[in-house]
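Please open the structure in your viewer and keep the selection tool at hand. The tour below proceeds stop by stop, and at each stop it names what to select and what is found there.

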Amino acid sequence: MNPTFETIGLEVPSEKAFNYLAERAGDQGEPTQLNRRGAVLHGRCWKLGEGLEVWTVLYESGSGDVFYADCRPGFRARYIQTITPWALQNLTEVGPAGFRAQELHIGLCGLAYRARVRRAPTKTRWLPLEKAAPARAAHENDWSLSGRVIAFKPLRNPLSGGELFWIHLDLERIKLEVLVNQRALRGDALKVGATVDAEVWLQGHVLDEHALRSRYEGVDYGSSRASFWSGLKRSN
């Protein structure tokens, strides 16, 4: 069915399984509502844990008819990116104010269909998958990339138990978070400094002012107290 769900550790082998997942997301997800040119988009965000999500969207026409629109996986990225509003279409939670903004603050993540780790460094790559491998491109936001591992962490899908890896990659122009199913990861051992080649579905979510303020996580007690004050010193 939809291979993007495998990237967050969910198997959706049939249309029946897909519909069941969409129904669970609709029943258990947090509601959102957006007006769109006389119609309404009704969204539900089912938060599975560890930043993993399933989104479902219903479209309500001006006449009151309701149609299924979409169901897709998601991941709440840990770091903030700043983009112009027309730079990425696959964003959840974009309100009317977002389309008028000069820039958007977003969490951006690549959900990897497949990935390979290599010890040897290589040239950074960031290319639409329809150009790199047209036969494998399924969505307009599919990308082929190659970057250096800055950090990584194993994750477990709380619903399925699937083993995943969160990987932070340096792509020179940007630093991108990538989520990959352990079963889809090939090559050498994953470690900081290694190179990861991946084909990903790029997705993200918009952070409003409340979300930006709430991202403060407190004092890092792994640092010395002296370092807290070093940035406040000034010369007389």
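The tour covers one strand and its partners, then a buried residue, and then several salt bridges. Please bear in mind throughout that the model is predicted.

**Stop 1: strand 9 and its partners**

Begin by selecting strand 9, residues 142-156. Next, add strand 8, which comprises residues 125-128. These two strands pair in the antiparallel sense over 4 bridges. To see one of the pairings, select R125, whose bridge partner in strand 9 is S146.

Now add strand 13, residues 195-206. Strand 13 and strand 9 run antiparallel and are joined by 7 bridges. Within this pairing, W143 stands opposite V200 of strand 13.

Complete the selection with strand 10, residues 163-170. How many bridges join strand 9 to strand 10? There are 8, and the two strands run antiparallel. R156 can be found opposite E163 in strand 10. Strands 9 and 10 form a hairpin, with 6 residues between them. In the turn, select G161, which has a positive phi of about 80 degrees.

While these strands are displayed, one rule is useful for following the side chains. In a regular strand, they alternate between the two faces of the sheet.

**Stop 2: D197**

Select D197, which is located in strand 13. Is this residue buried or exposed? D197 is buried, because its relative accessible area is 16%, and the limit for that class is under 20%.

Show the side chains around D197. A polar contact of 2.7 Å connects the side chain of D197 with that of R118. A second polar contact, of 2.6 Å, connects the side chains of D197 and S146; S146 was met earlier as the bridge partner of R125. Apart from neighbours within four places in sequence, the residues in contact with D197 include R114, R116, T122, R125 and L145.

**Stop 3: salt bridges**

Across the whole structure, a search finds 10 salt bridges. The general idea is that side chains of opposite charge can pair when their charged atoms come close.

Select E30 and K47, whose side chains meet in a salt bridge of 3.9 Å, N to O. This pair links distant parts of the chain, since E30 is in strand 1 and K47 is in strand 2, 17 residues apart. E30 counts as partly exposed at 46% relative accessibility, and K47 likewise counts as partly exposed, at 48%.

Move next to E53 and R76, which form a salt bridge of 2.4 Å, N to O. E53 lies in strand 3 and R76 in the loop between strand 4 and strand 5, so the pair ties together parts that are 23 residues apart in sequence. E53 is buried, with a relative accessible area of 3%, whereas R76 counts as partly exposed at 22%.

Return to the hairpin and select R148 and D170. The closest N and O atoms of their salt bridge are 3.3 Å apart. Because R148 lies in strand 9 and D170 in strand 10, this pair ties together parts that are 22 residues apart in sequence. R148 counts as partly exposed, at 41% relative accessibility, while D170 is buried, at 16%.

**Final stop: a network**

Finally, select R114, R136 and E199, which are linked in a network of salt bridges. R114 has already appeared on this tour, among the residues in contact with D197.

Note on methods
Residues are numbered from 1 along each chain as its sequence is written. This is a predicted model: local features need pLDDT of at least 70, side-chain atom pairs count only at pLDDT 80 or more; totals for chains, interfaces and linings use all residues. Side-chain values use heavy atoms; hydrogens and water are left out. Two strands pair if DSSP finds at least two bridges between them. Buried means under 20% relative accessible area, exposed over 50%, partly exposed in between (1.4 Å probe, protein chains only). A polar contact is a pair of N or O atoms within 3.5 Å; within protein, one must be able to donate a hydrogen and the other to accept it, and residues adjacent in sequence count only if both atoms are side-chain atoms. Contact means heavy atoms within 4.5 Å. A salt bridge is a side-chain nitrogen of Lys or Arg within 4 Å of a carboxyl oxygen of Asp or Glu.
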